[in-house]
Amino acid sequence: MADLDTLKQKRDQLNARIQKAEARMRAGQKKEDDRVKVLVGAALLDQVKREGDGYAELIALMDKFLARPGERTAVLGENGQGSEALRRLSKP
């Protein structure tokens, strides 16, 4: 009976190690995904800034994309035409 209890304990420890390894892998993937999102967003803002046009298209894209009120205000501003931060980051 002691052998069975020992085996169950080892199984539980192995399951815990597997869960930790999977969590580390997911965290690493999320970090990679977040970095790509930031870089893509920066590239879009830079393009709008360099070309001097595309601001209206960016506003329309973000208007369709953003659903949460706090995020909409942060990006689109109170009037829906772009927050101060968005204008600062996208205007030449």
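This short presentation describes the fold of one chain, then one of its helices, and then several individual residues.

Good morning, colleagues. Please keep in mind throughout that the model before you is predicted.

I begin with the overall architecture. The chain contains four helices and zero strands, and along the sequence these follow the pattern α-α-α-α. With a radius of gyration of 23 Å, well over the 12 Å that the globule rule gives for 92 residues, the chain is more spread out than a compact globule. The C-alpha trace spans about 75 × 25 × 20 Å along its principal axes.

Two further totals concern burial and surface. Of the 92 residues in the chain, 13% are buried. The exposed area comes to about 7,700 Å², of which carbon and sulfur atoms supply 57%. As for contacts within the chain, if one takes those with a separation of 6 or more, 42% of them join residues 24 or more positions apart.

Let me now turn to helix α2, which covers residues 55-65. Which residues of α2 are buried? They are Tyr55, Leu58, Ile59 and Met62. Viewed down the axis of α2, these buried residues fall within an arc of 100°, and therefore they line one face of the helix. On the other side of α2, one finds Ala56, Glu57 and Lys64 exposed. Against which helices do the buried residues of α2 pack? Their partners are α1, residues 2-51, together with α3, residues 69-76, and α4, residues 84-90.

Tyr55 deserves a second remark. Besides being one of the buried residues of α2, Tyr55 has Lys91 over the face of its ring, at 4.0 Å from the ring centre. Aromatic pairs, by contrast, number zero in the structure.

I continue with the loops. Leu66 is located in the loop between α2 and α3. Its relative accessibility is 9%, and since buried means under 20%, Leu66 counts as buried. Setting aside residues up to four places away in sequence, Leu66 touches Glu71, Arg72, Val75 and Leu76. Lys31 lies 35 residues from Leu66 along the chain, and the C-alpha atoms of the two are separated by 21 Å.

Ser83 occupies the loop between α3 and α4. Is Ser83 buried or exposed? It is buried, with a relative accessible area of 9%. Apart from its neighbours within four places in sequence, Ser83 is in contact with Thr73, Ala74, Val75, Leu76 and Gly77. Val75 and Leu76 thus appear in the contact lists of both loop residues, Leu66 and Ser83.

My last residue is Val40, which belongs to helix α1. With a relative accessibility of 45%, Val40 counts as partly exposed. How far apart are the C-alpha atoms of Val40 and Ala74? The separation is 18 Å, for two residues that stand 34 residues apart along the chain.

To close, I return to two points. The chain is built from four helices and zero strands, and the buried residues of α2 pack against α1, α3 and α4. Thank you for your attention.

Technical notes
Residues are numbered from 1 along each chain as its sequence is written. This is a predicted model: local features need pLDDT of at least 70, side-chain atom pairs count only at pLDDT 80 or more; totals for chains, interfaces and linings use all residues. Side-chain values use heavy atoms; hydrogens and water are left out. Rings of Phe, Tyr and Trp (its six-membered ring) pair if their centres lie within 6.5 Å; planes under 30 degrees apart count as stacked, over 60 as edge-to-face and the rest as tilted. A charge sits over a ring if NZ of Lys or CZ of Arg is within 6 Å of the ring centre and within 35 degrees of the ring normal. Helices (H or I, at least four residues) and strands (E, at least two) are DSSP runs, numbered from the N terminus. The radius of gyration is taken over C-alpha atoms; the globule rule is 2.2 Å times the number of residues to the power 0.38. Buried means under 20% relative accessible area, exposed over 50%, partly exposed in between (1.4 Å probe, protein chains only). Contact means heavy atoms within 4.5 Å. Accessible areas come from the Shrake-Rupley method with a 1.4 Å probe; for residues, only the protein chains shown count as cover. The arc is that of the directions from the helix axis to the C-beta atoms.
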